[in-house]
Amino acid sequence: MTPETLPLAATNLFRAVMVTAGWRCQCTGQCGQAHAKTDHRCPREHDSYAGKHGGPVRLMAAAADPTLTDRQAAALPADRLRAWCPGCFTDTRRTRRTTKPAAEQGGLFDL
């Protein structure tokens, strides 16, 4: 079999997430952008162009909580996934990983 003839996997799951999202990125500022000009929601739509120099946007169905590992996210049902554009997903994941709350000292300096 060539790659062109292999069946696609999880298309029903992807479609369910995209239909729920209206084929638009569901980021509402988690990425650090206010998205102020578009009612605080990312304007990226699946298969639309990102601008003069950008190619087509390919949304992905990924975990609503981007801190989950890829393996954990693969086991989630459609209602725990959301539509993300690559930029928002990457920025949200990066932001969440770097802003974890500091662990408590555990009495190290208690007198």
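## Burial and overall layout

A residue counts as buried under 20% relative accessible area, as exposed over 50%, and as partly exposed in between. The structure described with these terms is a predicted model. By this scale, arginine 58 is partly exposed, because its relative accessible area is 47%. Of the 111 residues of the protein, 23% are buried.

The protein has three helices and two strands, and from the N terminus these elements follow the order α-β-α-β-α. Among contacts with a separation of 6 or more, 47% are between residues 24 or more positions apart. The exposed surface comes to about 8200 Å², and 54% of this area is supplied by carbon and sulfur atoms.

## Helix H1 and its cover

Helix H1 covers residues 11-21. Its buried residues are Val17, Met18 and Ala21. Viewed down the axis of H1, these buried residues fall within an arc of 95°, so they line one face of the helix. An α-helix has 3.6 residues a turn, so residues three or four places apart point the same way.

The cover over the buried residues of H1 includes strand S1 and strand S2, the latter spanning residues 81-84. Asn12, Arg15, Val19 and Thr20 are exposed on the other side of H1. Glycine 22, just after H1, has a positive phi of about 70°.

## The loop between H1 and S1

Strand S1 consists of residues 60-63. Glutamine 26 is located in the loop between H1 and S1. With a relative accessible area of 19%, glutamine 26 is buried, since the limit for that class is under 20%. Leaving aside residues up to four places away in sequence, glutamine 26 touches Ala21, Arg41, Arg82 and Ala83. Of these partners, Ala21 is also one of the buried residues of H1.

The loop also holds a salt bridge. The side chains of arginine 58 and aspartate 47 meet with an N to O distance of 2.0 Å. Both residues belong to the loop between H1 and S1, and they are eleven residues apart. Aspartate 47 has 45% relative accessibility and is therefore partly exposed, as is arginine 58 at 47%.

## Salt bridges involving H3

In the whole structure, four salt bridges are found. Side chains of opposite charge can pair when their charged atoms come close. Two of the salt bridges, described here, involve residues of helix H3: arginine 93 with aspartate 70, and arginine 94 with aspartate 91.

In the salt bridge between arginine 93 and aspartate 70, the closest N and O atoms are 3.4 Å apart. Arginine 93 lies in helix H3, residues 86-98, and aspartate 70 in helix H2, residues 70-74, so the salt bridge ties together parts of the protein that are 23 residues apart in sequence. Are the two partners buried or exposed? Arginine 93 is buried, at 17% relative accessible area, whereas aspartate 70 is exposed, at 57%.

The salt bridge between the side chains of arginine 94 and aspartate 91 has an N to O distance of 3.1 Å. Both residues are in H3, and because they are three residues apart, about one helical turn separates them. Aspartate 91 counts as partly exposed, because its relative accessibility is 28%.

Note on methods. Residues numbered from 1 in each chain as written. Predicted model: local features only at pLDDT ≥ 70, side-chain atom pairs only at ≥ 80, totals over all residues. Heavy atoms only, no water. Helix = DSSP H or I, 4+ residues; strand = E, 2+ residues; numbered from the N terminus. Buried < 20%, exposed > 50% of the residue type's maximum accessible area, 1.4 Å probe, protein only. Contact = heavy atoms within 4.5 Å. Areas by Shrake-Rupley, 256 points an atom, 1.4 Å probe, with all protein chains shown as cover. Arc of directions from axis to C-beta.
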